[in-house]
Amino acid sequence: MFEIRLKNNKTFTCDSNTTIFEAAKSAGIFLEHSCLTARCRSCVVKVADGATKDKLDDLVLSVDEKQQNFALSCNAIPTTDLLLDVEDLGNITLYDKKIVPAKIQSIQKLTKDVIKVSLRLPPNANFKYNSGQYVNLIKGNLKRSYSVANAFKEKASLEFFIKKYENGLMSQYWFEEAKENDLLRMEGPLGSFFLRESNYENIIFLATGTGIAPIKAILENIQASPLDFKDKQFFVFVGARYKEDVFWEPNLDKDVTITYIPVLSRQKEDWSGEQGYVQDAVLRHHIDLEHVQVYACGSNEMIQAAKEVFIKNKLSESNFFSDAFVATN
């Protein structure tokens, strides 16, 4: 057995056949994560001391990152005692994953390639999640991950924004076959993309496409308890190609300070708002990145570009939280 120590001095043990993430979880310690299949970067950790081996072929980290002793906690198995330059998720409650039945309550077309699906659960499902988390939806032998697009409420339906992918097997179901009252299975909750406690006054949300789903859920949670956030300002940057691709905007109530900025990358006419890449629009608003938290969700390309440019502009890497959407066929 090897001892794993975090930089906040929490420790747990791990054998030579178990990943760092699973060993931490077994010890009641939760690390940043998302897909848990070594396909995204949410669980990247810096190994400050010690050595690991990969459980699966790592196609995520660059050669330079591996030489600098970065690893994926969901894929790395210790070969010595380890010191990790990372902290755990703290006192956030993570609900146990379960599989429950779910029926399609409604399907609404939002754009030519995005639909909104509402699912209802059995009255006794007792399914709880943190706003911002995702679930796996299962139809037959197909299983795909989708972020829940609304805040948790007892016995409420769950909403999802679902994008059509060319030749996608699950897309074929959603856009050609799905109908009300279809029965599916739902597995979750999953992931660690949710709002963290902090003393920072400014919070930046960054989304492209259906990546707005978990941010919508988080904002609904914030607006349900406005007194808890009266001293904070929230910036919501949403990236899309054209005006018709923007299918959601926040409810700008007076109790919570929210600045909403849509950013269009290809709209050349009939548009006076922000243009270009969404991460560049953030820089143009001259927000002090040294004293903010950033939550980014959407394409992996956007997330990596945003993280790189923000860190160059004084954002602390520990204040960048992300959930990358990785397509699966």
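## Close-up views of a predicted model

**View 1. The hairpin of E10 and E11.** In the hairpin of E10 and E11, Gly-140 takes a positive phi near 65 degrees. This hairpin has 2 residues between the strands. The structure shown here and in every other view is a predicted model. Strand E10 covers residues 134–139, and 6 bridges join E10 to E11. The two strands run antiparallel. Two facing pairs can be picked out here. Ile-138 stands opposite Lys-143 in E11. Val-135 has Tyr-146 of E11 as its bridge partner.

**View 2. The other neighbour of E10.** Strand E10 is also joined to E13, by 4 bridges. Again the strands run antiparallel. Leu-137 stands opposite Met-186 in E13. How many of the 6 residues of E10 are buried? The count is 5, so E10 is largely enclosed by the rest of the structure. In a regular strand, side chains alternate between the two faces of the sheet.

**View 3. The open sheet of 6 strands.** Hairpin and neighbour now fall into place. The sheet is open, and its 6 strands follow the order E11-E10-E13-E8-E9-E12. Their pairing is antiparallel. Which strands are the edge strands? They are strand E11 (142–147) and strand E12 (158–163), each of which pairs on one side only. From one strand to the next, the twist averages 40 degrees.

**View 4. Two helices across the sheet strands.** Helix H3 spans residues 169–177. H3 lies across strand E8 (98–111), strand E9 (114–120), E10, E11, E12 and strand E13 (183–190). Its direction is at about 75 degrees to E11. Helix H4 spans residues 212–224 and lies across E11 and E12. H4 runs at about 155 degrees to E12.

**View 5. Helix H4 on its own.** H4 has 13 residues. From its first C-alpha to its last, H4 reaches 18 Å, close to the 18 Å expected at 1.5 Å a residue. Is H4 mostly covered or mostly uncovered? H4 is mostly covered, with 10 of its 13 residues buried. Among them are Ile-212, Ala-213, Pro-214, Ile-215, Ala-217, Ile-218, Leu-219 and Ile-222. Lys-216 and Gln-223 are buried as well.

**View 6. A salt bridge between E12 and H4.** The side chains of Glu-159 and Lys-216 meet in a salt bridge, with 3.1 Å from N to O. This pair links distant parts of the chain: Glu-159 sits in strand E12 and Lys-216 in helix H4, 57 residues apart. Buried means under 20% relative accessible area. At 16% relative accessibility, Glu-159 therefore counts as buried. Lys-216 has 8% relative accessibility, so Lys-216 counts as buried too.

**View 7. A second partner for Lys-216.** Glu-220 also forms a salt bridge with Lys-216. Here the closest N and O atoms are 2.7 Å apart. Both residues lie in helix H4, 4 residues apart, about one turn of the helix. An α-helix has 3.6 residues a turn, so residues three or four places apart point the same way. Glu-220 is partly exposed, with a relative accessible area of 29%. Salt bridges that share partners join Lys-116, Glu-159, Lys-216 and Glu-220 into one network.

**View 8. A salt bridge between two loops.** The whole structure holds 18 salt bridges. One pair is Lys-10 and Asp-88, whose closest N and O atoms are 2.7 Å apart. Lys-10 lies in the loop between strand E1 (2–6) and strand E2 (11–14), and Asp-88 lies in the loop between strand E7 (82–84) and E8, so the pair ties together parts that are 78 residues apart in sequence. Lys-10 counts as partly exposed, at 33% relative accessibility. Asp-88 is buried, with a relative accessible area of 13%.

**View 9. Gln-279 and its contacts.** Helix H5 covers residues 278–284, and Gln-279 lies in H5. Is Gln-279 buried or exposed? Its relative accessibility is 8%, so Gln-279 counts as buried. Which residues does Gln-279 touch, not counting residues up to four places away in sequence? They are Met-302, Ala-305, Ala-306, Val-309 and Phe-310.

Terms used: Residues numbered from 1 in each chain as written. Predicted model: local features only at pLDDT ≥ 70, side-chain atom pairs only at ≥ 80, totals over all residues. Heavy atoms only, no water. Buried < 20%, exposed > 50% of the residue type's maximum accessible area, 1.4 Å probe, protein only. Contact = heavy atoms within 4.5 Å. Pairing = 2+ DSSP bridges. Axes fitted to C-alpha atoms, helices over the stretch in contact; angles between N-to-C directions. Salt bridge = Lys/Arg side-chain N within 4 Å of Asp/Glu carboxyl O. Expected span 1.5 Å × (residues − 1).
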